[in-house]
Amino acid sequence: MALMLTSVPGTNDVFAQSKEYPFREPVFRYITQTAEQVLRSSGAQMIHTPVFEYAEVLQKGVGVTSDIVVKKEMYTFEDRGGRVLGLRPEPTASIVRAYNQHGMKVWPQPVRLFTWGPIFRAERHQKGRYKQFHQVDYEALGSADPLIDAEAIALMVQVYRALGLKGLEVKLGSVGDPEDRVRYNDYLRGLFRPYAQELSEDSRVRLESNPMRILDSKSEADQRIVAEAGVRPMLEFLGPEARGFHEKVAGYLEKLGVPFTLDPSIVRGLDYYVRTAWEVHHSRIGAKSALGGGGRYDGLSEMLGGPRVPGVGWGIGIERVAIALEQEGVEIPADPVPDLYLVPLDEGAKLEALQIAQRLRPAFRVEMAYAPKSARKGLEDALKRGARFVGLLGEAERARGVVTLKHLETGDQREVSWEALGEALGPVPGVRL
Ligand code: AMP
């Protein structure tokens, strides 16, 4: 027998009974539906972009000095036409590409879009870090007003709150304007050069290309050096405009009642961020594993060959949020029970049972036994599924065009004609078609 083929380590199947937490479909659904509800209530529109793009779009999107490019974390491949393509390592570049491609610049601004779906990074997998993971993502394009940054952060916090999460910390920083970063990077080069030999290999490269990235290095040796060197925070290097912008965002958040702490050390892993940058951490899942993060990226559109389009947005890691929900003991709503479980009592009743089920769906949740069963076994199965009603369909019922309908909670039983079944099952909660 051939060896049973399996999924690639670091990728996961998401289904209700999965033994691998957090890959449970009801949890994913709870997170994405809650996020969708919050974001739609704000007027943001959903967008789906392809999971693969020209590698150039994605590389420019994350920046050539980012870990994703430097450490070759992006899956790239050549298709039969010789095109170099990549699987998206984050959704922002694709959304900005779509904004430009479809001329959204002439729409009323800002254009506010959200999406959710799989993200791919060739990282070494471990708990909370996967090769394929999922994000909810929100982007507001076409406005450079700090109010839009505050709204983005407030909406992100609203999503976490609507999910029932409590132990959150929003860490707000600013990465300044490009010229502020040039000054800060010069300062950091001077500061870290004496330590060059002790830095990790990656950080030695970063020392020249993007020394800010040394600050959020995952290497312990680097972190020791960062602590020892007495680094002055980026916030001290902001020019007057970036500083004023940062103060406005912070002031708006206070007025909106969104709690946050100022974190002068925040540096986002992606190159194209300017000014506002933030991360959301959770008390129980450790400082290194953010639940989400976001920032402003006014230069990205131009890098993709488009017009200047200021933008701000965020991504929430669905798996990380699911882990936080479990650690806080948040109860995930159970799937609704079937309204009716139909049981064909003989072979000849199978098709009729399916016809009845199809007539009642989708107004009602109707499941059926696919092989004939005894009434006793059918009842047992209906109870196991938590159904409200069981419907028995045998030869006698068929002859009269009825179903023997039993309410499982009260035990009430009566014959109901096929036409009257909907009425007998209803009224049911929720929106019905
Ligand atoms: P980033 O685009 O790196 O800022 O990631 C945004 C969010 O996605 C993070 O805050 C995490 O919650 C989540 N995330 C990033 N990388 C991974 C990964 N490899 N596996 C699972 N979640 C991730």
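**A walk through the chain and its ligand**

Let me begin with the protein chain as a whole, which has 433 residues, 51% of them buried. Please keep in mind throughout that what we are looking at is a predicted model. Along its principal axes, the C-alpha trace of this chain spans about 90 × 60 × 45 Å, and the chain contains 16 helices together with 16 strands. As for the outside, the accessible surface of the protein chain comes to about 21300 Å², and 54% of that surface belongs to carbon and sulfur atoms.

Now, how is the protein chain divided into domains? The domain assignment gives two entries, where domain 1 is made of 25-177 + 238-328, so written as two stretches of sequence, and domain 2 covers 340-424. If you take the C-alpha centres of domain 1 and domain 2, you will find them 49 Å apart. It is also worth asking how contacts in the chain relate to sequence, and here, among contacts between residues at least 6 apart in sequence, 69% join residues that are at least 24 apart.

Let us turn to the ligand, which has 13 residues around it, and of these R121, E123, Y130, Q135 and A290 come nearest. Sorted by class, the shell around the ligand consists of five charged, four polar and four nonpolar residues.

Which atoms of E123 and Y130 should we look at in this shell? In E123 a polar side-chain atom lies 2.6 Å from a nitrogen atom of the ligand, whereas in Y130 a polar backbone atom is 2.9 Å from a nitrogen atom of the ligand. For R320, a polar side-chain atom lies 3.5 Å from an oxygen atom of the ligand. On its own the ligand has 480 Å² of accessible area, and the protein covers 90% of that area.

Finally, I would like to pick out a single residue, T49, which you can find in the loop between strand 1 (45-46) and strand 2 (52-54). Is T49 buried or exposed? Its relative accessibility is 11%, and because buried means under 20%, T49 counts as buried. When we leave aside the neighbours within four places in sequence, the residues in contact with T49 are R88, S94, I95, R97 and A98.

Definitions and conventions
Residues numbered from 1 in each chain as written. Predicted model: local features only at pLDDT ≥ 70, side-chain atom pairs only at ≥ 80, totals over all residues. Heavy atoms only, no water. Near = heavy atom within 4 Å. Polar contact = N/O pair within 3.5 Å; in protein donor to acceptor, adjacent residues only side chain to side chain. Areas by Shrake-Rupley, 256 points an atom, 1.4 Å probe, with all protein chains shown as cover. Nonpolar A, V, L, I, M, F, W, Y, C, P; charged D, E, K, R; others polar. Helix = DSSP H or I, 4+ residues; strand = E, 2+ residues; numbered from the N terminus. Buried < 20%, exposed > 50% of the residue type's maximum accessible area, 1.4 Å probe, protein only. Contact = heavy atoms within 4.5 Å.
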